[in-house]
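Here is a short note for a colleague who has not looked at this entry before. The points below go through it part by part.

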Amino acid sequence: MSHELNDQELVRREKLQKLNELGIDAYPAAAFEVNCNSAQILAEYNDEEKNFQTVSIAGRIMSINSKGKVTFFKIQDEKGKIQLFVSIDNVCPNEDKTFYTSVVTHLLDIGDFIGVKGEVFITKTGETSIRVKEMTVLSKALRPLPVVKVKDGETFDAFSDVELRSRQRYVDLVVNPHVRETFLKRTKLIQTIRNFLNEHGAIEVDTPVLQSIPGGAAARPFVTHHNALDIPLYLRIANELYLKRLIVGGFDFVYEFSRNFRNEGMDRTHNPEFTVLEFYVAYKDYFWMMDYTEQMMEKIAIALHGTTDVPLGDKIISFKAPFKRVAIYDAIKEITDFDVSEMNEEQLRDVCKQLRIETDATMGKGKLIDEIFGGKCEGNFVQPTFIIDYPVELSPLTKKHRSKAGLVERFELFINGKEIANAYSELNDPLDQRARFEEQTKLMERGDDEAMFIDHDFLRALEYGMPPTSGIGIGIDRLVMMLTNQSTIQEVLLFPQMRPENPE
RNA sequence: GAUUCCGUAGCUCAGCUGGUAGAGCAAUACACUUUUAAUGUAUGGGUCAUGGGUUCGAUUCCCAUCGGGAUCACCA
């Protein structure tokens with residue numbers, strides 16, 4: 001990709017040339033030994049003890065403020081920023097002052113990486129700084145970085161264009177500390193979950209991303225083709241059926257952070273590829289899973305915020321366990337005043353009409369209930385709430401309710417009106433599972449393009465016997481959104497999907 | 001997919017009812033040995049997203065295309 005160079009880019013290339021002429025390699029091969037970082041110095045420097053007198057530190061130049069024979073730089077390393085004090089006499093102790101008058105004052109730019117050695121001190125204005133004795137060019141930047149300035153907490157000229165920020169996340173991360181914070185929190189969230197699961201004996205596994213039957217969920221898959229086998233393959237929409245096969249195989253507690261792919265619309269809460277944590281635990285039911293999920297959520301909130309009260313927009317979300325548990329029929333009754341628990345398909349259609357919910361002929365009883373709940377109810381559950389006991393039609397992989405006819409042992413966790421997790425007492429009766437798949441086939445014939453495919457190998461596995469098991473899928477991207485106070489998914493994905501840029 | 005708004009310098013933005021563009025930061029040059037949104041003086045930088053149309057003349061009005069945001073629909 002080439003583009004016409006603007007004036008600033010031309011100047012930087014000339015500077016690179018001049019560095020070369022001075023015998024300075026702007027992209028040296030040798031490692032630069034670092035012995036501390038900016039945050040350490042700022043936190044631990046003691047002006048009386050005079051520690052940090054032989055620091056070696058590296059980073060990117062974020063500002064240059066030349067005052068003649070003295071120049072101040074701010075460099076940024078992974079932990080933050082620190083000021084450098086570079087004076088002509090410190091950096092050029094001998095007769096030859098070329099390094100200062102050419103390199104320091106003319107050939108370095110905002111964005112360049114440098115390494116410095118020197119001693120820490122406090123300037124007249126009270127800023128902890130490094131008095132530089134040696135300076136090494138580590139990498140010359142050929143494009144100008146956006147310059148964001150901050151004073152008294154107010155930000156000037158913020159790099160804020162969403163498209164630029166998403167396409168050039170590397171720039172976004174360099175100049176926007178809050179963006180970096182968000183992604184560090186994402187990592188911490190995933191680590192917290194992984195530790196939590198591992199502490200309880202869970203085994204992390206990898207299952208196929210390329211599947212010949214895209215199962216475990218209802219969604220349109222991406223299709224690809226395998227040349228050697230000459231068969232279509234699908235990018236997974238879920239990994240559920242594979243994890244259950246592992247339960248059959250005798251792993252009693254398995255989990256996977258699964259990148260799933262769905263060929264559907266994109267908006268502020270949907271990206272074509274997204275991350276779901278699924279885990280399955282043998283000999284447990286959905287009640288156990290609710291308890292476990294609460295504990296996990298509470299732990300995550302504390303890990304990221306130090307407290308269970310987490311700000312989200314103008315609300316505070318309390319992740320303090322236990323969470324409220326509401327049966328879906330009770331939720332619908334409470335909010336819409338309709339008792340749909342005994343209704344048939346026709347009556348449900350009538351309710352939808354009264355609630356002004358659009359329906360079509362392909363929708364069965366379960367789907368209609370789902371539409372009512374999704375359209376009128378789910379937005380009401382701002383504080384973490386388990387919605388439980390769904391109609392069987394909606395849940396082809398879920399065990400029938402132990403006491404309530406027509407329902408299954410399923411819950412979804414809602415936070416801020418959004419579905420965060422979906423969990424079941426897993427269906428392990430192979431005959432029932434076969435019947436449910438056949439129901440799905442009927443729905444498919446009726447025109448429901450979200451109905452599930454039959455996976456015969458999965459049925460075979462169940463026929464060998466799967467212990468009673470509870471499993472859950474948790475939308476990690478959305479959970480990160482909740483815990484980092486972000487309203488769009490692209491703010492929690494390092495590289496959200498975008499249309500390709502026009503070739504130049 | 002539908003509706004709507006947006007696209008001007010490296011970044012953030014002005015540009016009223018049509019007369020080929022401005023600011024701050026960044027950049028260049030000079031001055032300044034403790035600055036901190038440093039300061040002062042001077043200077044350069046733009047096919048106004050792209051392609052058509054209307055017009056004597058379009059950054060401005062109209063149409064199309066490309067890219068993005070928001071809202072809605074579907075999905076997690």
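1. The surface near RNA strand B draws on many parts of the chain: α1 (7-21), β1 (55-66), β2 (70-77), β3 (80-87), α3 (88-91), β6 (149-151), α5 (162-167) and α12 (365-377) each supply at least two of its residues. Please keep in mind that this is a predicted model.

2. By class, the surface near RNA strand B has 18 nonpolar, 16 polar and 26 charged residues. There are 60 residues around the strand, and those that come nearest are Asp-89, Thr-125, Glu-163, His-270 and Arg-478. Of the atoms of RNA strand B that come within 4 Å of the protein, 57% belong to sugar and phosphate.

3. Three polar contacts with the strand can be looked up individually. The side chain of Asp-7 has an N or O atom 2.4 Å from a base nitrogen of RNA strand B. Asn-65 has a polar side-chain atom 2.3 Å from a sugar or linking oxygen of RNA strand B. For Glu-264, a polar side-chain atom likewise lies 2.3 Å from a sugar or linking oxygen of the RNA strand.

4. Next come the helix pairs. Two packed helices are described by the angle between their axes and the distance between the axes. The three pairs below are given in those terms.

5. Helix α1, one of the elements that supply residues to the surface near RNA strand B, also packs on helix α4 (residues 98-107), at an angle of about 160° and with the axes 11 Å apart. Angles over 145 degrees count as roughly antiparallel, so α1 is roughly antiparallel to α4. The crossing of these two helices is left-handed. On the α1 side, Lys-15, Lys-18 and Leu-19 take part, and they meet Val-103, His-106 and Leu-107 of α4. This contact of α1 with α4 consists of 3 nonpolar, 1 polar and 2 charged residues.

6. Helix α12 is also among the elements that supply residues to the RNA surface. Its axis and that of helix α10 (residues 328-336) come within 10 Å and cross at roughly 50°, which makes α10 oblique to α12. The crossing of α10 and α12 is left-handed. From α10, Ile-328, Tyr-329, Ala-331, Ile-332, Ile-335 and Thr-336 meet Ile-369, Ile-372, Phe-373, Lys-376 and Cys-377 of α12. The residues of this contact divide into 9 nonpolar, 1 polar and 1 charged.

7. How are helices α8 and α14 placed relative to each other? Helix α8 (residues 240-248) packs against helix α14 (residues 456-464) at an angle of about 25°, with 9 Å between the axes. That angle makes α8 roughly parallel to α14. Their crossing is left-handed. Leu-241, Lys-244, Arg-245 and Val-248 of α8 make the contact with Asp-457, Phe-458, Ala-461 and Tyr-464 of α14. The contact of α8 with α14 has 5 nonpolar, no polar and 3 charged residues.

8. Two backbone details deserve a look. Most residues other than glycine have a negative phi, and most peptide bonds are trans. Tyr-283 is not a glycine, yet its phi is positive, at about 70°; this tyrosine is found in the loop between β13 (273-282) and α9 (286-305). The peptide bond from Ala-321 to Pro-322 is cis, with omega near -5°. Pro-322 is in the loop between β15 (315-318) and β16 (324-327).

Note on methods:
Residues are numbered from 1 along each chain as its sequence is written. Chains are lettered from A and ligands numbered from 1 in the order in which they are written. This is a predicted model: local features need pLDDT of at least 70, side-chain atom pairs count only at pLDDT 80 or more; totals for chains, interfaces and linings use all residues. Side-chain values use heavy atoms; hydrogens and water are left out. Axes are lines fitted to C-alpha atoms, for helices over the stretch in contact, and angles run from 0 to 180 degrees between N-to-C directions. Helices (H or I, at least four residues) and strands (E, at least two) are DSSP runs, numbered from the N terminus. Angles under 35 degrees count as roughly parallel, over 145 as roughly antiparallel, 65 to 115 as roughly perpendicular and the rest as oblique. A crossing is left-handed if the near helix is turned anticlockwise from the far one by less than a right angle, and right-handed if clockwise. Contact means heavy atoms within 4.5 Å. Ala, Val, Leu, Ile, Met, Phe, Trp, Tyr, Cys and Pro count as nonpolar, Asp, Glu, Lys and Arg as charged, and the others, Gly among them, as polar. A residue is near a molecule or strand if one of its heavy atoms lies within 4 Å of it. A polar contact is a pair of N or O atoms within 3.5 Å; within protein, one must be able to donate a hydrogen and the other to accept it, and residues adjacent in sequence count only if both atoms are side-chain atoms.
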